Amino acid sequence: MLVIIGILIALQINNKNEQRKTENKIVSILKEVQHDLGLDIQKSDELIAYYKTKDSIINLIQTDKLTYDDYKNDYQNALRYAIMNAFHMKIHANGYTNLIENVDNVPKKLKAVIEPLNEIYIYNKYEIDKFDNRMDFITDRVRDDLAKSKDWYYRLDWPQLEDEMIDFFLNDPYYKNDVYLYQNASWTHLSNHVTVFRENAINAYKQINTLIESNEPLPDFIPHNLVDLTTAQLKEYVGTFKVVEVEGFDGEFPDMNYKIQIQDNDLIGVMNGDLEDVDLFYFETADKIFGQTDIYFKGEFIRDSTNEITSLIIMKFGTRVYLDKL
């Protein structure tokens, strides 16, 4: 009997050791996934910034705001090559592939992250790859068409554009069509899908950090509070704010209320109850906030002489909005 008990105890110990080894392996794989996500989050920030600049130039082209002199002084080549270059993003998926190959061994307590990762690496990645390839097609075709139809194409790199080149960029209707196609693929689609990916990747990165009980601080590229505020302090910012002015907009606009509330010890902002457009933001300093979804989101709460919050100024998608607290 003692021998049997001894064997059972030994088997139990052996099983626990094997479970520990398996869990350690999965944790190591999740850290690899985290590393991949980190690389791609940073790359997504670069891509969004790149195409935001491109979009500003394209809007000038489409609204005929550029002049002969603008192109004549295009010494940085930003205007002439407005739709001939692209910023590419290839998602790192080695960690995810490794995880899926070992999915049957993932402990129950770590399984929660699998579905969000599937969303990222199956659906988000598909859309990004599709429009990344589309950008290659558009830029290559524009260059190839110019090389076949314009005898000046090989001189496009020369310091100053010739008059015939400038006339083409200013007036050719088919070039304007290509500008539209470039904007549609790069900003309307690719940048939008990358923004969705970025949001999902940030959430997955944080979720992995929690699941593996990491003691490592979140890196700078993961949005998080730079100052720690108590629940009582957060409650100071809770309330409904009414949009009173949108910079650059002179017409009438409907009533727009921005509700700020606490969710999971963070602040979120919801415009007119639209839960499809939620701003999750963090504190840079007391009263100064920045966003997670929109890399350009910035804001500041304004206080009166009694230290009460009376208004809020936010910068969202490049537009400054002024709101008063109700």
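## Barrel strands, aromatic pairs and a few helix residues

Strands β4 (residues 278-285) and β5 (residues 288-291) run antiparallel and are joined by four bridges. They belong to a closed barrel of eight strands, ordered β1-β2-β3-β4-β5-β6-β7-β8 with antiparallel pairing. Bear in mind that this is a predicted model. Below you'll find the barrel strands, then the aromatic rings, then some residues in and around the helices.

**The barrel, strand by strand**

- Going round the barrel, the average turn between neighbouring strands is 30°, with direction ignored.
- Strands in a sheet pair through backbone hydrogen bonds, and the pairing can be parallel or antiparallel.
- For the β4 and β5 pair, one residue match to look up is Phe281, whose bridge partner in β5 is Gly291.
- Next comes β5 with β6 (residues 298-303), again antiparallel, this time with three bridges.
- Within that pair, Ile289 sits opposite Gly299 of β6.
- The link from β5 to β6 is a hairpin of six residues.
- β6 then pairs with β7 (residues 309-316) in the antiparallel sense, over six bridges.
- Here the opposite number of Lys298 is Met315 in β7.
- The hairpin of β6 and β7 has five residues between the strands, and one of them to check in a backbone plot is Asn307, with a positive phi near 75°.

**Aromatic rings**

- The model has 17 aromatic pairs.
- Take Tyr96 and Tyr121: their ring centres are 4.6 Å apart and the planes meet at 15°, which is under the 30 degrees cut-off, so this pair counts as stacked.
- Tyr96 belongs to helix α3 (residues 94-101) and Tyr121 to helix α4 (residues 114-149), so this pair ties together parts 25 residues apart in sequence.
- Both rings belong to buried residues: Tyr96 has 10% relative accessibility, and Tyr121 has 6%.
- Tyr282 and Phe290 give another geometry, with centres 6.1 Å apart and planes at 45°, so the pair is tilted; that angle falls between the 30 and 60 degrees cut-offs.
- Tyr282 is buried at 3% relative accessibility, and Phe290 is buried too, with a relative accessible area of 14%.
- Tyr71, Trp152, Phe168, Phe169 and Tyr175 come together as one aromatic cluster.

**Helix α3 and the loop after it**

- The buried residues of α3 are Gly95, Tyr96 and Leu99.
- Around the helix axis they cover an arc of only 95°, so they are on the same side of α3.
- An α-helix has 3.6 residues a turn, so residues three or four places apart point the same way.
- Asn94 and Glu101 are exposed, and they are carried on the face of α3 turned away from its buried side.
- Asn102 is in the loop between α3 and α4.
- Asn102 counts as buried because its relative accessible area is 10%, and the cut-off for buried is under 20%.
- Setting aside neighbours within four places in sequence, Asn102 is in contact with Lys25, Ile26 and Ile29.

**Two residues of helix α6**

- Asn200 is part of helix α6 (residues 173-211), and Ser191 lies in α6 as well.
- Is Ser191 buried or exposed? Its relative accessibility is 2%, so Ser191 counts as buried.
- Leaving out residues up to four places away in sequence, Ser191 touches Leu47, Ile48, Tyr51 and Ser186.
- Asn200, by contrast, is partly exposed, with a relative accessible area of 23%.
- Which residues does Asn200 touch, not counting those up to four places away in sequence? They are Glu119, Ile120 and Asn124.
- With Asn124 there is also a side chain to side chain polar contact, at 2.9 Å from Asn200.
- Asn200 and Gln34 are 166 residues apart in sequence, while their C-alpha atoms are 12 Å apart in space.

Key:
Residues numbered from 1 in each chain as written. Predicted model: local features only at pLDDT ≥ 70, side-chain atom pairs only at ≥ 80, totals over all residues. Heavy atoms only, no water. Phe/Tyr/Trp six-rings, centres within 6.5 Å; stacked < 30°, edge-to-face > 60°. Helix = DSSP H or I, 4+ residues; strand = E, 2+ residues; numbered from the N terminus. Buried < 20%, exposed > 50% of the residue type's maximum accessible area, 1.4 Å probe, protein only. Contact = heavy atoms within 4.5 Å. Polar contact = N/O pair within 3.5 Å; in protein donor to acceptor, adjacent residues only side chain to side chain. Pairing = 2+ DSSP bridges. Axes fitted to C-alpha atoms, helices over the stretch in contact; angles between N-to-C directions. Arc of directions from axis to C-beta.
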